Amino acid sequence: MEIKSIVIIPAYNEEKSIVKTVQDICEHAPEFDYVIINDCSTDHTLSVCREHHLHVLNLPVNLGIGGAVQTGFLYAYKNGYDYAIQFDGDGQHDAKYLHEMRDYMIEQNADMLIGSRFLEKEGFQSTGMRRFGIRYFSALIKLLTGQKITDPTSGMRMINRDILAMYSESYPKDYPEPESVVAIMNSGKKVMEYPVIMRKRMEGTSSISPLKSVYYMIKVSLAIFLEMLRK
Amino acid sequence: MSLYLRILLIVMSFLAAVYAVHQIRKSQMKIENAIYWFMFILIVVVLSIFPELAMILARILGIESPVNLIYLAMIFLLLVKVFSQSIKISQMEYKIGILAQESAIMKKKAEENDKESKQ
């Protein structure tokens, strides 16, 4: 039986980079379907998608990154996909990894495969403060679960159908990556990492401003602790 | 409690009740959500009309001034209300999320069906 895989691209104000992102996927991973989730962008993301006849799910209200990605999971689950990968619409991620990541995932029988910038420390390594935050989450997860995740905030994550079902049911609203990893590790799922090289974003600014990063740290720490209590 | 404070509380309660009824009649508030405020107003009015009640309660709880008891009770009731509102907001966000996601997926499906029937 053929394996059905889909790329989930959450997009909020990505009018300049969305087409390139899709072209990258169609070129380097033609056997992957894709779907863009337009999270109520205030720019022309939607009309650009329509113009180029891209597959797009249009959210009627802004749900935040977590809600947008979850929409993609739900769509993938309902349409019978076996593997889904979350993929940024701003050009940071490289579609050439999609195929090898899926092969590796099948071979290792993993439930989730995280594209990590830090396994081989190549490419854009994020900025100083952000790296500190990533190391902090990594240490926290190691402390609580015993497993080392080098890039817990990576937005490039492939999951299988089991996890699709779990995430369709419940997924955090903002800054969802670290805590959702802990959630599935807690239920005994196999999480692995795969070395990738990420680029600096082509367009737009990161959703995480300095002030927000404080909120990010507190929110995710609390969420991870609460997640551990659920056991 | 001074007479002025009692009068003030009663007048304010009356105004609040009128405003609440007005909002209900304009369909800006559901009766289910207004019940809490009517009970709140009722408690304030009763304590203002019979300050002896506040005095007795204050003595039992070891609170020096009855008016402090009223403040304490109000703060407590408001905290309970705010906390339950937080829960309600979370539930509503959750429900809105599901509705938005389902509608986006259904719309996409409809578009695809449209395309197919045109071909």
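The following exchange sets charge pairs, a surface patch and cysteines of a predicted model against their definitions.

Modeller: In this predicted model, local features need pLDDT of at least 70 and side-chain atom pairs count only at pLDDT 80 or more, while totals for chains, interfaces and linings use all residues. Residues are numbered from 1 along each chain as its sequence is written, chains are lettered from A and ligands numbered from 1 in the order in which they are written, and side-chain values use heavy atoms, leaving out hydrogens and water.

Colleague: What makes B:E102 and A:K78 a salt bridge?

Modeller: A salt bridge is a side-chain nitrogen of Lys or Arg within 4 Å of a carboxyl oxygen of Asp or Glu. The closest N and O atoms of B:E102 and A:K78 are 2.8 Å apart, so the pair meets that rule. B:E102 lies in helix α4 of chain B and A:K78 in helix α3 (residues 64–78) of chain A, so two chains are joined. Helices here are DSSP runs (H or I, at least four residues), numbered from the N terminus.

Colleague: Why is B:K108 called buried, and why is B:E112 called partly exposed?

Modeller: Buried means under 20% relative accessible area, exposed over 50%, and partly exposed in between (1.4 Å probe, protein chains only). B:K108 has 6% and is therefore buried, whereas B:E112, at 29%, counts as partly exposed. The two side chains meet in a salt bridge at 2.9 Å, N to O. They are four residues apart in helix α4 of chain B, and therefore about one helical turn separates them.

Colleague: Which other pair crosses between chains?

Modeller: B:E111 and A:R50 meet in a salt bridge at 3.5 Å, N to O. This pair runs from helix α4 (residues 66–118) of chain B to helix α2 (residues 45–51) of chain A. Over all chains, the structure holds nine salt bridges.

Colleague: How do you know that A:C26 and A:C40 form no disulfide?

Modeller: A disulfide is a pair of cysteine sulfur atoms within 2.5 Å. For A:C26 the closest cysteine sulfur, in A:C49, is 12 Å away, which is too far for a bond. For A:C40 the closest is also in A:C49, at 13 Å, again too far. Over all chains the count of disulfides is zero.

Colleague: Which residues gather in a patch of positive charge on the surface?

Modeller: The patch consists of A:K121, A:R135, A:K142 and A:K148. Patch residues have over 30% relative accessible area and no salt bridge, with like charges joined within 9 Å. A:K142, in helix α5 (residues 128–145) of chain A, has 41% relative accessibility, and therefore meets the accessibility condition.

Notes: Patch = residues over 30% accessible without salt bridge, like charges linked within 9 Å, V, L, I, M, F, W, Y side chains within 5 Å. Areas by Shrake-Rupley, 256 points an atom, 1.4 Å probe, with all protein chains shown as cover. Lys, Arg positive; Asp, Glu negative; His and termini not counted. Charge placed at Lys NZ, Arg CZ, Asp CG, Glu CD.
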